[in-house]
Amino acid sequence: MTELQADRPTGTLSAPRFQAEAKRSRYLDLSVALATFAVLAILPFVSGSKALLDFVIRCSAYGLFTTSLNLLIGYTGMISFGHGMFFGIGAYSFGLIMQRVGVPIPVAFVATLAITAVIAAVIGAICVRLKEIYFAFVTLAFQMLIHSTILSWASFTGGDQGLRGGLPRPPFLGIDLSNQLHLYLASCALLVVGLLAMRQIAQSPFGYTLRMIRDNPARASFIGVEVWRAKLTIFVLAALFASMGGMVMALFVSGAYPEFAYWTISGEAIFINMLGGVTTFLGPMVGTVLLLILNDTVTRLTEYYGIVLGIVILFFAIGLRKGLMDFVVERIAARNDRAGKRGRT
Amino acid sequence: MDLYALAGCLGSPACLVTQTTSGLIIGMLLFLVAAGLTLIFGVLKVVNFSHGALYMFGAYFAMTTYQLTGNFALATLCGAAGTAIIGLIFERVFMSRVYGANVLMQLLVCYAFVLIFDDVVRLIWGPEFKSMGMPATFQVAPFFIAGGAVPPYYLLLIGVALAAAVVLGFGLARTRIGKVIRAAAHNPAMVSALGINTALINGAVFALGGLLAGLAGALAAPVRSLTPGMGFSVLIESFIVTVIGGMGSILGALIGALLLGLIRSFGSLGFPLFTEGLMYLFMVIMLASRPTGLFGKEVA
């Protein structure tokens with residue numbers, strides 16, 4: 001995967017310097033996260049547009065989902081074609097718990113994460129042994145298996161109609177998620193916390209182990225890394241964040257639909273990753289915002305959405321041959337390189 | 001679940017014949033699509049995600065030709081040939097640019113064309129369901145085998161697909177072109193070094209894959225309804241077939257397709273709502289236990 005490598009190292013660092021560097025970058029991440037949340041929190045008081053808030057909520061749901069996929073694709077080199085199943089599982093299990101059990105939202109949230117973790121561990125244990133295209137196929141098969149289960153188990157999941165009738169959203173701790181502003185703030189908080197957590201995973205020693213597995217699994221296992229265990233761990237972790245995205249989506253549409261678990265949602269996530277770029281942490285987030293904007297504008301202008309989207313994909317796949325953020329980062333690196341050379345001479 | 005219906009059918013010869021023939025026609029159509037898919041993967045190492053769209057084109061071409069001329073043989077020919085040309089253009093103009101690139105880039109180019117082709121069909125033929133209707137020649141009373149009705153068209157379909165399987169198997173095993181294709185699958189650099197034009201082979205393999213998918217679409221047109229996006233379920237099923245049979249193996253594709261066809265036709269009796277799920281379950285079990293499939297040689 002020479003073309004697609006997240007955070008190519010620029011040089012080797014000694015252990016103490018690595019730790020100092022890691023600490024500094026952790027503070028930087030934290031301040032960026034806080035600043036982002038502050039800006040997002042002020043937004044509704046500045047603009048007052050309800051459509052804008054809805055847009056940001058959708059971005060949060062998809063952003064959590066696509067960034068978690070990048071932990072697999074960009075960092076570990078595992079091309080999952082079925083990551084959307086965890087988006088669907090998150091939406092459905094959260095929706096079912098809220099509709100049938102009637103517990104407070106935070107309890108349902110934690111319970112859904114637990115359910116997702118168990119399912120992901122079982123599915124992952126079977127999948128991560130397979131490599132490359134076979135891994136892609138087996139994850140796709142599981143995705144479709146879950147989709148068929150949702151469709152055929154109509155008495156429990158509502159079948160092809162989905163979970164209808166709205167989700168009860170009882171207020172908790174003074175937060176009322178049936179209020180759009182509260183839902184908006186909660187989604188933004190989840191997005192920022194989720195991204196920060198994923199960033200920590202990516203920058204931790206474990207994250208660097210994943211990069212090594214991507215680049216040279218034989219060598220990783222030779223120096224004592226249990227490749228299978230590391231892959232399973234990241235598979236489950238990524239599933240948890242995808243499930244969080246699914247829960248935000250379920251809260252937003254106040255229900256869950258079989259399309260949330262259909263293979264196209266995985267295909268779309270892969271496309272978003274490629275659009276934004278898989279070599280940077282924020283690439284998928286950029287891709288999410290781009291695709292949602294594109295989606296909203298094109299569907300308003302023409303009913304032949306597929307042709308337009310297809311041409312855009314072709315432009316990225318054949319024209320740029322990389323995602324937008326990859327392209328930008330490379331251009332900046334090239335410019336710095338040139339400036340550095342000029343400075344020295 | 002309706003296991004009584006399944007058991008009842010297995011005990012009655014008439015039902016057994018009906019279900020087996022319907023399983024065979026599903027299987028034979030799947031084989032034609034999957035054979036192209038597996039051939040393209042074997043030689044070019046590309047998973048052609050847009051193969052279902054080629055099947056769709058075959059069906060629409062055949063329908064239009066049949067409506068214009070009323071000749072079903074000509075319609076089948078046009079469906080197959082037209083799709084082969086589309087496959088060739090698709091390979092030469094677009095796919096050949098991403099051979100060296102990442103697998104994801106190849107999938108993306110195919111994904112783009114799935115979207116574009118579906119919309120092109122919607123643009124030309126409209127979004128609604130279309131039906132070609134059974135050609136007049138085949139509107140005759142069905143045969144009865146052991147009390148089970150078998151429409152004559154089903155026999156034609158099975159016969160044509162079997163003939164295609166034999167020609168394909170024989171061509172790959174015995175002819176010079178077949179040997180060159182197999183050599184290119186094994187070691188393209190060496191084949192190229194021996195003075196054989198590999199770009200030509202790549203194009204030819206894609207055209208052949210398109211031809212088979214178009215033939216399947218044309219043969220399916222009288223018995224299935226036509227709609228943009230009709231290729232997708234066929235594509236997923238042929239993926240399952242190639243995975244079961246082993247990527248790159250024609251014999252594997254034939255056996256995998258027949259297995260899947262029978263699972264579908266008998267599964268729809270026993271598990272009417274979970275027929276699709278049954279296929280995916282089968283795929284998961286196959287991948288988990290033997291990732292290279294029944295006849296795959298490559299080590300995963």
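Lys45(B) sits in the loop that links α2 and α3 (51–69) of chain B. The model shown here is predicted, and this loop residue is a convenient place to enter it. Lys45(B) is not a glycine, yet its phi is positive, at about 60°. Its surroundings place it between the extremes of burial: Lys45(B) has 16 other C-beta atoms within 10 Å, so it is partly exposed, given that a buried residue needs 20 or more and an exposed one has 12 or fewer.

Chain A offers a similar case in Ser254(A). This residue lies in the loop between α10 (227–253) and α11 of chain A. Its phi is near 55°, again a positive value in a residue other than glycine. Ser254(A) has 18 C-beta neighbours inside 10 Å and therefore counts as partly exposed.

From these loops we can step back to the chains. Chain B contains twelve helices and two strands. Along the sequence the order of its elements is α-α-α-α-α-β-β-α-α-α-α-α-α-α, so the two strands follow one another with helices on either side. Its C-alpha trace spans about 60 × 50 × 35 Å along the principal axes. For 300 residues, a compact globule would have a radius of gyration near 19 Å, and chain B agrees with this, at 19 Å. Of the 300 residues in chain B, 53% are buried. Among contacts in chain B between residues at least 6 apart in sequence, those that join residues at least 24 apart make up 76%.

Chain A has 14 helices and zero strands. Its radius of gyration is 21 Å, close to the 20 Å that the globule rule gives for 345 residues, so chain A is as compact as a globular protein of that length. Along the principal axes, the C-alpha atoms of chain A fill a box of roughly 70 × 50 × 45 Å. Buried residues account for 44% of the 345 residues in chain A. When contacts in chain A between residues at least 6 apart in sequence are considered, 79% join residues at least 24 apart.

The interior comes next. The largest nonpolar core has 196 residues, and the members that touch the most others are Ala141(A), Phe31(B), Leu32(B), Val33(B), Ala59(B), Leu108(B) and Met283(B). Helix α2 (residues 13–44) of chain B gives the largest share of this core, 17 residues. What does Phe31(B) touch, leaving aside its neighbours within four places in sequence? Phe31(B) is in contact with Ala161(B), Ala165(B), Ala253(B), Leu254(B) and Ala257(B).

Tyr154(B) belongs to helix α6 (residues 152–174) of chain B. It has 19 C-beta neighbours inside 10 Å and so counts as partly exposed, since 20 or more would make a residue buried. Apart from neighbours within four places in sequence, Tyr154(B) is in contact with Thr21(B) and Ile25(B). Tyr154(B) and Phe295(B) are 141 residues apart in sequence, and their C-alpha atoms are 28 Å apart in space.

The two chains also meet each other. Their contact takes 34 residues from chain B and 32 residues from chain A. On the side of chain B that touches chain A, α5 (103–125), α10 (231–245) and α12 (275–289) of chain B each supply at least two residues. The most comes from α5(B), with 13 residues. By type, the residues on this side of chain B are 28 nonpolar, two polar and four charged.

Helix α13 (residues 305–320) of chain A brings these themes together. Its 16 residues should span 22 Å at 1.5 Å a residue, and its end C-alpha atoms are 22 Å apart, which agrees. Which residues of α13(A) are buried? They are Gly306(A), Leu309(A), Gly310(A), Ile313(A), Phe316(A) and Ala317(A). These buried residues pack against α11 (263–276) and α12 (283–301) of chain A, together with α5 of chain B. Following α13(A) is Arg321(A), whose phi is positive, near 65°.

Note on methods:
Residues are numbered from 1 along each chain as its sequence is written. Chains are lettered from A and ligands numbered from 1 in the order in which they are written. This is a predicted model: local features need pLDDT of at least 70, side-chain atom pairs count only at pLDDT 80 or more; totals for chains, interfaces and linings use all residues. Two residues are in contact if their C-beta atoms, placed from the backbone, lie within 7 Å. Helices (H or I, at least four residues) and strands (E, at least two) are DSSP runs, numbered from the N terminus. Ala, Val, Leu, Ile, Met, Phe, Trp, Tyr, Cys and Pro count as nonpolar, Asp, Glu, Lys and Arg as charged, and the others, Gly among them, as polar. The expected span of a helix is 1.5 Å times one less than its number of residues. The radius of gyration is taken over C-alpha atoms; the globule rule is 2.2 Å times the number of residues to the power 0.38. A nonpolar core is a set of buried Ala, Val, Leu, Ile, Met, Phe, Trp, Tyr and Cys residues joined through C-beta atoms within 7 Å.
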